[in-house]
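Here is a short report on one protein model. It starts with the overall fold and ends with single residues.

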Amino acid sequence: MQRSSSPAESAICRYFGRASSEEVASPHMELTEREKEVLLLMAEGASNKEIAVKLTVTSETVKTHVRNIFKKLNVDRRIRAVAVAEKLKLLQS
């Protein structure tokens with residue numbers, strides 16, 4: 001049984017960029033392997049430019065992957081994407 005988060009927990013989680021228990025659900029769609037690579041590099045603190053160099057793609061391609069990750073994880077910031085990914089165990093090898 002999944003517990004519902006309190007309004008205070010939700011507010012605190014939003015402030016600190018963490019996903020509350022209510023906000024974390026199964027992704028709408030599976031992340032692609034490339035999106036997982038981008039997400040892992042985001043979790044390591046890499047910028048879009050650094051990710052682009054590492055994956056030998058353009059910064060615009062990275063931005064597209066980041067937007068897709070945000071949409072699939074229902075988040076609006078990198079730190080929230082990483083928090084949700086950790087809760088969903090998407091960053092494990």
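The text below covers the fold, the helix packing and three buried side chains.

## Overall fold

This is a predicted model. The protein chain has five helices and zero strands. Read from the N terminus, its elements run α-α-α-α-α. The chain holds 93 residues, and 37% of them count as buried. Now take the contacts with a separation of 6 or more. Residues 24 or more positions apart account for 53% of these contacts.

## Helix α5 and its partners

Helix α5 spans residues 78-87. Its buried residues are Arg80, Ala81, Val82, Ala83, Val84 and Ala85. Just after α5 comes Lys89, which takes a positive phi of about 60°.

Two packed helices are described by the angle between their axes and the distance between the axes. The table gives both values for two pairs that involve α5.

| Helix pair | Angle | Axis distance |
|---|---|---|
| α4 and α5 | about 55° | 10 Å |
| α2 and α5 | about 110° | 10 Å |

How are α4 and α5 oriented to each other? Their axes pack at an angle of about 55°. Angles of 65 to 115 degrees count as roughly perpendicular, and those under 35 degrees as roughly parallel. The angle of α4 and α5 falls in neither class, so the two helices are oblique to each other. Their crossing is left-handed. On the α4 side, Val66, Ile69, Phe70 and Leu73 take part. They meet Arg78, Ala81 and Val84 in α5. The residues of this contact divide into six nonpolar, no polar and one charged.

The second pair joins α5 to helix α2, residues 33-43. Here the angle is about 110°, and α2 and α5 are therefore roughly perpendicular to each other. The crossing of α2 and α5 is left-handed. From α2, the contact uses Leu39, Met42 and Ala43. From α5, it uses Arg78, Ala81, Val82 and Ala85. The residues of the contact of α2 with α5 divide into six nonpolar, no polar and one charged.

Arg78 appears in the α4 contact and in the α2 contact. Ala81 likewise meets α4 and takes part in the contact with α2.

## Two buried residues of α4

Helix α4 covers residues 59-73, and Lys72 is found there. Is Lys72 buried or exposed? Its relative accessibility is 12%, so Lys72 counts as buried. The cut-off for buried is under 20%. The side chain of Lys72 makes a polar contact with the side chain of Glu35, at 2.8 Å.

His65 is also found in helix α4. It has 16% relative accessibility, so His65 counts as buried. Which residues does His65 touch, not counting those up to four places away in sequence? They are Arg34, Glu35 and Val38. Glu35 thus links the two descriptions: it is touched by His65 and makes a polar contact with Lys72.

## Ile51 in helix α3

Ile51 sits in helix α3, which covers residues 48-55. With a relative accessible area of 0%, Ile51 is buried. Leaving aside neighbours within four places in sequence, Ile51 is in contact with Val38, Leu41, Met42, Ala46, Val62 and Arg78. Among these, Met42 and Arg78 also belong to the contact of α2 with α5. Val38 is also touched by His65.

Glu37 lies 14 residues from Ile51 along the chain. The C-alpha atoms of Ile51 and Glu37 are separated by 9.1 Å.

Terms used: Residues are numbered from 1 along each chain as its sequence is written. This is a predicted model: local features need pLDDT of at least 70, side-chain atom pairs count only at pLDDT 80 or more; totals for chains, interfaces and linings use all residues. Side-chain values use heavy atoms; hydrogens and water are left out. Buried means under 20% relative accessible area, exposed over 50%, partly exposed in between (1.4 Å probe, protein chains only). Helices (H or I, at least four residues) and strands (E, at least two) are DSSP runs, numbered from the N terminus. A polar contact is a pair of N or O atoms within 3.5 Å; within protein, one must be able to donate a hydrogen and the other to accept it, and residues adjacent in sequence count only if both atoms are side-chain atoms. Axes are lines fitted to C-alpha atoms, for helices over the stretch in contact, and angles run from 0 to 180 degrees between N-to-C directions. Angles under 35 degrees count as roughly parallel, over 145 as roughly antiparallel, 65 to 115 as roughly perpendicular and the rest as oblique. A crossing is left-handed if the near helix is turned anticlockwise from the far one by less than a right angle, and right-handed if clockwise. Contact means heavy atoms within 4.5 Å. Ala, Val, Leu, Ile, Met, Phe, Trp, Tyr, Cys and Pro count as nonpolar, Asp, Glu, Lys and Arg as charged, and the others, Gly among them, as polar.
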